[in-house]
Amino acid sequence: MQKQKRALVVGLGIAGMSAAIGLRQAGWTPVIVERAPERRTGGYFIFMFPEGVQAAADLGVADHLHTRNPEWRPGGNSWSVDRRGRRKPALGLLDAPSGLAAVLRSDIEAALWQGITGDGTEDAVEVRFATTPAEITEGAGGVRVLLKDAGTGKQYREDFDLVVGADGMRSSVRRMVFGPDEDYLANWKAMICAFQMKEQVPSYEASDSIIVSRPKRAMWVFGLADHAPCAWLTYRTEDIPDRFAGPSIEQVRAAFSGMDDEPVVRHVLDSLEQAPEHVFDSIHQVKMERWSKGRVVLVGDAAWCMNTYSAMGSSSSLRGGAALGVALRKHPGDLAAALDAWETGLRPYITRQRRSARVKQQRFVPSSRPAQVLGSSVLDLLRRVVHRRLAAEYTAAAATAPSGTARR
């Protein structure tokens with residue numbers, strides 16, 4: 001009998017677990033290594049687009065996925081707040097597209113974790129925590145990887161048929177095999193801070209979303225159905241700071257100086273001080289002409305990070321992992337052909353989403369006052385159209401629902 005092929009997956013995030021499940025579906029034996037000492041359970045608000053929802057189904061984890069879309073109310077759930085603190089209805093990010101799912105990153109990872117640990121029908125995927133690759137060497141028939149156990153300091157070599165780099169925008173696998181970060185990271189001259197809030201901004205409903213947008217800086221509060229809101233702050237800057245040079249909270253407060261007398265902004269900044277953890281990072285895109293080299297392939301942010309403005313990172317990671325499994329199943333005896341087919345099928349989709357990120361950035365954080373005014377006017381027109389349709393659907397559903405309530 002032919003020996004079952006083994007793959008090393010570096011990274012226990014959405015891309016890594018998706019790839020591992022895809023590999024297992026293709027008949028491979030994946031082994032995941034993760035640099036953290038245990039599974040991360042935090043994470044901020046994420047949109048899952050229909051492509052991501054379908055990929056979750058293809059990976060067999062859709063039934064484990066908890067979504068948190070708020071019930072739409074007449075008048076909407078989203079508010080834009082001006083400099084005087086006045087609120088007006090806004091077009092929510094969950095209003096326009098159909099099939100969008102509101103989730104936390106931890107919701108997706110929990111569903112994938114269920115998938116890789118097994119449900120009694122399949123063997124669990126082996127996961128080694130506090131373990132990182134130190135050296136990757138490809139030979140004639142496989143890849144030899146020097147692995148390091150951070151807990152014991154032990155180093156050991158192990159052979160695999162494929163290495164999957166799913167270790168994020170600053171991928172160590174990419175650096176070792178493809179070259180330094182600066183060859184692939186495109187700097188967008190912007191920063192992001194995101195965290196889970198303990199409570200909603202006073203005077204707003206628990207599931208409301210709030211937008212405070214100014215030229216070159218913006219603050220979003222994303223309301224959820226059964227969880228405290230998440231805050232998302234972003235600003236444009238010519239001077240990208242060293243993320244570790246000083247307290248990130250001080251840097252964020254400095255970026256929003258002059259806005260901190262506004263009640264929403266003040267509440268969010270105070271909540272940031274109390275948050276047990278937060279994400280603070282610069283915004284980049286990863287651009288590569290090729291996502292694989294020999295028996296090493298990159299997936300997710302390591303290969304095509306479209307950045308947070310695209311809102312497609314999780315969906316594309318799910319889709320990438322599922323598609324990798326399909327390609328390997330279709331080309332069981334030819335790894336090169338499988339990786340070629342995988343990239344050929346996936347790249348047009350990734351390219352479209354990457355290009356859309358610049359347009360989306362203007363909505364999330366306008367580059368100037370004219371851009372803000374124009375964008376606000378266009379979005380207000382769209383809101384009127386969309387909310388009329390949603391109100392009609394709500395009324396029709398309420399008329400037929402036994403309880404007298406309607407859900408989207």
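The dialogue below goes through the domains, the strands and one arginine of a predicted model.

Me: Into which domains is the protein chain divided?

Reply: There are two, and each is assembled from separate stretches of the chain. Domain 1 takes 6–67, 102–185 and 285–362, while domain 2 takes 78–98, 186–284 and 366–376. Their C-alpha centres lie 29 Å apart.

Me: How is the size of an interface often given?

Reply: Often as the accessible area that is lost when the parts come together. Between domain 1 and domain 2 the buried area is about 2,300 Å², and carbon and sulfur atoms give 60% of that area. Counted by residue, 24 residues of domain 1 are in contact with 29 residues of domain 2.

Me: How many salt bridges and polar contacts are there between domain 1 and domain 2?

Reply: The salt bridge count is one. As for polar contacts, eight residue pairs across the interface satisfy the rule, with both residues of a pair at pLDDT 80 or more.

Me: Which elements supply the side of domain 1 that touches domain 2?

Reply: At least two residues each come from β3 (45–48), β6 (101–104), β16 (279–286) and α9 (335–364). The largest share is that of α9, with four residues. By residue class, this side of domain 1 has 13 nonpolar, eight polar and three charged residues.

Me: Which side chains meet in a salt bridge?

Reply: Those of D281 and R170 do, with an N to O distance of 2.9 Å.

Me: Now the strands. How do strands of a sheet pair?

Reply: They pair through backbone hydrogen bonds, and the sense is either parallel or antiparallel. An antiparallel case here is β8 (residues 131–138) with β9 (residues 143–149), joined over seven bridges. In this pair T137 stands opposite R144. The two strands form a hairpin, with four residues between them.

Me: What does β9 form with β10?

Reply: Another hairpin, with five residues between the strands. Strand β10 covers residues 155–160, and its pairing with β9 is antiparallel over six bridges. One position to look at is K148, which stands opposite Q155 in β10. In the turn, G153 has a positive phi of about 80°.

Me: Where can I find parallel pairing in the parallel sense, and over how many bridges does it run?

Reply: Look at strand β2 (residues 29–34) and β7, which pair in the parallel sense over four bridges. V31 has E126 in β7 as its bridge partner.

Me: What is the order of the strands in the open sheet?

Reply: The order of its six strands is β7-β2-β1-β11-β18-β17, and the pairing is mixed. The edge strands are β7 (126–129) and β17 (292–293), each of which pairs on one side only.

Me: How do the side chains in a regular strand alternate?

Reply: They alternate between the two faces of the sheet. That is the general pattern to keep in mind when stepping along a strand.

Me: Back to helix α9. Which residues is R347 in contact with, leaving aside neighbours within four places in sequence?

Reply: R347, which lies in helix α9, is in contact with M288, E289, R290 and W291. Two of the distances involve backbone oxygens. The backbone oxygen of M288 lies 3.1 Å from a polar atom of the R347 side chain. For the backbone oxygen of E289, the distance to a polar atom of that side chain is 3.3 Å.

Technical notes
Residues are numbered from 1 along each chain as its sequence is written. This is a predicted model: local features need pLDDT of at least 70, side-chain atom pairs count only at pLDDT 80 or more; totals for chains, interfaces and linings use all residues. Side-chain values use heavy atoms; hydrogens and water are left out. Domain bounds come from an automatic or database domain assignment. Contact means heavy atoms within 4.5 Å. Buried area is the accessible area (1.4 Å probe) that two parts lose on being put together, summed over both. A salt bridge is a side-chain nitrogen of Lys or Arg within 4 Å of a carboxyl oxygen of Asp or Glu. A polar contact is a pair of N or O atoms within 3.5 Å; within protein, one must be able to donate a hydrogen and the other to accept it, and residues adjacent in sequence count only if both atoms are side-chain atoms. Ala, Val, Leu, Ile, Met, Phe, Trp, Tyr, Cys and Pro count as nonpolar, Asp, Glu, Lys and Arg as charged, and the others, Gly among them, as polar. Two strands pair if DSSP finds at least two bridges between them.
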